[in-house]
Amino acid sequence: EVKLIPKSYEYPFGKGGYSIKKYTPKKVVMQNEEIQKVIDLEEFDCEQQRYARDIWTLLYYCNGINYADLLRMRWENVKGDYFVFIRKKTETTRKNNIQEITAWISPEVKEILEKVGNKKSPFVIGKLSDGYSESMFNNKCKKMRGELNSKLNEISEKLKLSVPLKVKTARDCFATTLN
């Protein structure tokens with residue numbers, strides 16, 4: 001049995017037709033006062049909370065870089081007073097136009113690096129070792145992000161923040177602060 005499409009039929013999709021709208025949820029970020037409360041916090045229930053807050057603050061101060069980029073960051077990426085690196089995300093998506101990212105190593109960043117940096121490792125925070133595979137990196141990144149987010153959530157409850165504190169919110173907060 002052959003079905004024929006009538007000549008009067010108009011295809012509803014495509015140019016000039018119906019298109020599925022893209023939904024982009026509005027990012028809800030903390031106010032500057034809340035960000036400052038996180039940065040100024042000195043009373044922690046455990047060392048893991050302090051470490052998680054320090055990592056969050058480091059991400060925030062380094063132009064809101066992604067956790068994956070911090071995890072891969074090497075001491076050799078330090079050029080004077082800047083981290084100079086290529087984002088993991090763009091390394092695999094942009095073949096022609098790969099751009100180096102620079103993040104200023106401010107006095108605040110230097111202070112945090114004294115706490116969380118590992119000078120014995122080629123990696124800034126020392127959580128990777130040379131020769132890692134892509135799947136090992138992805139697994140480690142996901143696991144560590146989960147652990148950090150768990151401790152950051154405890155901090156958000158403690159400070160009664162309007163937005164749950166997560167590794168990702170460092171980027172969103174930095175971008176909104178610039179805006």
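Colleague: Which residues in H2 meet Thr169, Ala170, Cys173, Phe174 and Thr177 in H7?
Modeller: The model is predicted. H2 covers residues 47-61, and H7 covers residues 169-178. On the H2 side, the residues in contact with H7 are Trp56, Leu59 and Tyr60.

Colleague: How do the residues of the contact of H2 with H7 divide into nonpolar, polar and charged?
Modeller: Trp56 in H2 and Phe174 in H7 are among the residues that meet. Thr169 and Thr177 also take part, on the H7 side. The division is six nonpolar, two polar and no charged.

Colleague: At what angle do helix H2 and helix H7 pack?
Modeller: H2 passes H7 in a right-handed crossing. Their axes lie 8 Å apart. The packing angle is about 40°.

Colleague: How many salt bridges does a search of the whole structure find?
Modeller: One of them pairs lysine 158 with aspartate 45. Side chains of opposite charge can pair when their charged atoms come close. The search of the whole structure gives 12.

Colleague: How many residues apart are lysine 158 and aspartate 45?
Modeller: The closest N and O atoms of this salt bridge are 3.4 Å apart. Lysine 158 sits in helix H6, residues 134-159. Aspartate 45 sits in the loop between H1 and H2. The pair links distant parts of the chain, with a separation of 113 residues.

Colleague: Is aspartate 45 buried or exposed?
Modeller: Its relative accessible area is 62%. Exposed means over 50%, so aspartate 45 passes that cut-off. Its partner lysine 158, at 33%, counts as partly exposed. Aspartate 45 itself is exposed.

Colleague: Which residue forms a salt bridge with aspartate 130?
Modeller: Aspartate 130 lies in the loop between H5 and H6. The partner lies in the loop between helix H3 and strand E1, 56 residues apart from aspartate 130. The closest N and O atoms are 2.5 Å apart. At 21% relative accessibility, the partner counts as partly exposed. The residue is arginine 74.

Colleague: Where do glutamate 147 and lysine 143 lie?
Modeller: Their side chains meet in a salt bridge, at 3.1 Å from N to O. Glutamate 147 is partly exposed at 44%, and lysine 143 is exposed at 55%. The two are four residues apart, about one turn of the helix. Both lie in helix H6.

Colleague: Which residues do salt bridges that share partners join into one network?
Modeller: Shared partners are what link these salt bridges. The network consists of Glu42, Glu47 and Arg50.

Conventions:
Residues numbered from 1 in each chain as written. Predicted model: local features only at pLDDT ≥ 70, side-chain atom pairs only at ≥ 80, totals over all residues. Heavy atoms only, no water. Axes fitted to C-alpha atoms, helices over the stretch in contact; angles between N-to-C directions. Left-handed = near helix turned anticlockwise from the far one by under 90°. Contact = heavy atoms within 4.5 Å. Nonpolar A, V, L, I, M, F, W, Y, C, P; charged D, E, K, R; others polar. Salt bridge = Lys/Arg side-chain N within 4 Å of Asp/Glu carboxyl O. Buried < 20%, exposed > 50% of the residue type's maximum accessible area, 1.4 Å probe, protein only.
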